[in-house]
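Me: I would like a close look at a single part of this structure, taken slowly and in one connected answer.

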Amino acid sequence: MTDPRRLEGFLALTGFGLTIPIANWLIGNAGTVCVPNGPCLIPVAPGVMAPSGVLMIGLALVLRDLVQRRLGLRFAWMAIVAGTVLSAFLAPPALVVASAAAFLLSETADLAVYTPLQKRNLVLAVAASGLVGLVVDSVFFLWIAFGDLGYLSGQVMGKFWMVALALPLTAWLRRADARRGIVPA
């Protein structure tokens with residue numbers, strides 16, 4: 001019989017890997033406004049716009065936490081490294097360094113916050129690590145890519161929505177794990 005923890009971990013890992021190409025596609029192809037030679041934007045709050053890829057980056061932060069919960073720290077590090085390479089490979093040429101550096105730094109910051117908190121309070125761990133990761137990602141990406149933090153509020157809000165939407169699922173997962181006797185990796 002297949003270990004459900006590993007199966008769920010590999011599903012989270014697959015989802016994590018898919019967020020990167022989807023984010024890159026969204027940023028250039030989907031939004032309520034597409035800036036010529038720039039990103040496609042979506043509203044993330046009244047009067048606040050952000051590049052459409054922010055939704056997937058927020059989701060990536062949560063999925064990386066789930067990879068670690070199900071498959072362990074080694075898989076989480078491998079996912080970060082593979083995601084960084086994939087991010088650099090798929091980013092538009094002008095954004096390769098910003099995309100890869102922001103991904104590596106934000107996912108590492110997420111891991112550093114999540115790891116000590118996860119066994120005590122999973123929901124707090126996902127929320128806190130997601131907040132730290134999304135701020136780190138937003139600041140470093142914008143600063144390296146553009147030398148300007150003009151889109152910072154939109155970047156942070158867009159990523160925050162995905163982390164916030166994942167919290168009820170995270171609480172459910174924690175309760176389901178307890179019922180099934182599944183312990184974190």
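Is Arg 180 buried, partly exposed or exposed, and at what relative accessibility? Please go on from there to its charged partners and to the pocket lined by Glu 8.

Reply: The model is a predicted one, and in it Arg 180 has a relative accessibility of 44%, so that it counts as partly exposed, given that this class lies between the 20% limit for buried and the 50% limit for exposed.

Arg 180 forms a salt bridge with Glu 8, in which the closest N and O atoms are 2.9 Å apart. This pair links distant parts of the chain, since Glu 8 belongs to helix α1 and Arg 180 to helix α6, with their positions 172 residues apart in the numbering. Glu 8 also counts as partly exposed, in its case at 26% relative accessibility.

A salt bridge also joins the side chains of Arg 180 and Asp 177, with an N to O distance of 3.7 Å. Here the two partners are three residues apart in helix α6 and are therefore separated by about one helical turn. Asp 177 is buried, as its relative accessible area is 1%. Through shared partners, salt bridges connect Glu 8, Arg 69, Arg 70, Asp 177 and Arg 180 into one network.

Two members of that network, Glu 8 and Arg 70, also appear in the lining of the second largest pocket, together with Leu 11, Ala 12, Leu 66, Leu 169, Trp 172 and Leu 173. The elements that contribute two or more residues to this lining are α1, α2 (54-71) and α6 (152-180). By class, the lining consists of six nonpolar and two charged residues, with no polar ones, and the space in the pocket comes to about 160 Å³.

For context, the search of the whole structure finds nine salt bridges. One of them is formed by the side chains of Glu 107 and Arg 64, at 3.6 Å from N to O. Glu 107 lies in helix α4 (residues 96-117) and Arg 64 in helix α2, so this salt bridge ties together parts that are 43 residues apart in sequence. Glu 107 is buried, with a relative accessible area of 1%, and Arg 64 is likewise buried, with a value of 0%.

Conventions: Residues are numbered from 1 along each chain as its sequence is written. This is a predicted model: local features need pLDDT of at least 70, side-chain atom pairs count only at pLDDT 80 or more; totals for chains, interfaces and linings use all residues. Side-chain values use heavy atoms; hydrogens and water are left out. On a 1 Å grid over the protein atoms alone, a cavity is a set of points where a 1.4 Å probe fits but cannot get out, and a pocket is an open set with protein on both sides within 12 Å along at least five of seven lines; lining residues have an atom within 4 Å of a point. Grid points are joined across faces, edges and corners, and a volume is the space filled by probe spheres set on the points. Helices (H or I, at least four residues) and strands (E, at least two) are DSSP runs, numbered from the N terminus. Ala, Val, Leu, Ile, Met, Phe, Trp, Tyr, Cys and Pro count as nonpolar, Asp, Glu, Lys and Arg as charged, and the others, Gly among them, as polar. A salt bridge is a side-chain nitrogen of Lys or Arg within 4 Å of a carboxyl oxygen of Asp or Glu. Buried means under 20% relative accessible area, exposed over 50%, partly exposed in between (1.4 Å probe, protein chains only).
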